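The following exercises are meant to be worked with the sequence and the model side by side. Each task is followed by a solution that proceeds step by step.

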Amino acid sequence: MATTVKYADVEVGTELPAQTFPVTRATLVQYAGASGDFNPIHWNEKFAVEVGLPDVIAHGMFTMAEAIRVVTDWTGDPAAVVEYGVRFTKPVVVPNDDKGAEIEVSAKVAAKLDDNRVRVDLLATSAGQKVLGMSRAVVQLV
């Protein structure tokens, strides 16, 4: 795979296609199995409430991974992401119902850097609250 996005075709302010990612309790159990993170705050409502959370919450790394999909889908190549970092600001609360939660992600090119790289700033929200802060990726373009 190689990115098809050309550095010359991108300007500061270029918006990437926004996406919404559904999250259900089943999604969290699947992620726990894949990651090995079986912390009960991610699947046990009683435990989550007992430790002061409003309900079961999504894994932070899961939330981070869903958000970067906006960038990797745009580039067509996950390896084009050469740096990525976030601050976790609010949890994604996942109710035990048929709908679950949604993570809404938008992104735009914030800076053109040297060597055909751009910095992309991401905005991730759930239930109207910002769930990731300082969410930025450096992406290698052609």
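**Exercise 1.** In this predicted model, characterise the salt bridge between E66 and R69, and state where its two residues lie and whether each is buried or partly exposed.

*Solution.*
Step 1. The side chains of E66 and R69 meet with an N to O distance of 3.1 Å, which falls within the 4 Å cut-off for a salt bridge.
Step 2. Both residues belong to helix 3, where they are three residues apart and therefore separated by about one helical turn. An α-helix has 3.6 residues a turn, so residues three or four places apart point the same way.
Step 3. E66 has a relative accessible area of 11% and is buried, whereas R69, at 35% relative accessibility, counts as partly exposed.

**Exercise 2.** Describe the geometry of helix 3, and identify where the helix bends and which of its residues are buried.

*Solution.*
Step 1. Helix 3 has 16 residues and reaches 23 Å from its first C-alpha to its last, which is close to the 22 Å expected at 1.5 Å a residue.
Step 2. The helix nevertheless bends by about 30°, and the bend is located at R69, the residue that also takes part in the salt bridge with E66.
Step 3. The buried residues of helix 3 are F62, T63, M64, E66, A67, I68, V70, V71, T72, W74 and T75.
Step 4. W74, one of these buried residues, can be related to V118, since the two are 44 residues apart in sequence and 13 Å apart in space, C-alpha to C-alpha. V118 lies in strand 4 and, at 0% relative accessibility, counts as buried.

**Exercise 3.** How many salt bridges does a search of the whole structure find, and which parts are tied together by the pair D55 and R25?

*Solution.*
Step 1. The search of the whole structure finds six salt bridges.
Step 2. In the pair formed by D55 and R25, the closest N and O atoms are 2.7 Å apart. D55 lies in the loop between helix 2 and helix 3 (60-75) and R25 lies in helix 1, so the pair ties together parts that are 30 residues apart in sequence.
Step 3. Both partners are buried, D55 with a relative accessible area of 11% and R25 with one of 14%.

**Exercise 4.** Carry out the corresponding analysis for the salt bridge between R136 and D121, and then find which residues are joined into one network by salt bridges that share partners.

*Solution.*
Step 1. The closest N and O atoms of R136 and D121 are 3.7 Å apart. R136 lies in strand 5 (residues 129-140) and D121 in strand 4 (residues 117-126), so this pair ties together parts that are 15 residues apart in sequence.
Step 2. R136 is partly exposed, with a relative accessible area of 35%, and D121 is also partly exposed, with a relative accessible area of 22%.
Step 3. Through salt bridges that share partners, R25, E45 and D55 are joined into one network.

**Exercise 5.** Which residues make the nonpolar surface patch, and where is F38 placed?

*Solution.*
Step 1. V29, F38 and W43 make a nonpolar surface patch of about 340 Å².
Step 2. F38 is placed in the loop between helix 1 (25-35) and helix 2 (45-50), and at 53% relative accessibility F38 counts as exposed.

**Exercise 6.** Locate the domain feature recorded by UniProt and describe its span in the model.

*Solution.*
Step 1. An unreviewed UniProt entry places the feature "domain: MaoC-like" at residues 13-119.
Step 2. The end C-alpha atoms of residues 13-119 lie 11 Å apart, and the span is 31% helix and 30% strand.

Terms used:
Residues numbered from 1 in each chain as written. Predicted model: local features only at pLDDT ≥ 70, side-chain atom pairs only at ≥ 80, totals over all residues. Heavy atoms only, no water. Patch = residues over 30% accessible without salt bridge, like charges linked within 9 Å, V, L, I, M, F, W, Y side chains within 5 Å. Areas by Shrake-Rupley, 256 points an atom, 1.4 Å probe, with all protein chains shown as cover. Helix = DSSP H or I, 4+ residues; strand = E, 2+ residues; numbered from the N terminus. Buried < 20%, exposed > 50% of the residue type's maximum accessible area, 1.4 Å probe, protein only. UniProt positions renumbered as here; feature names shortened; annotations may be inferred. Expected span 1.5 Å × (residues − 1). Bend = angle between axes of the 7 residues up to and from the residue.
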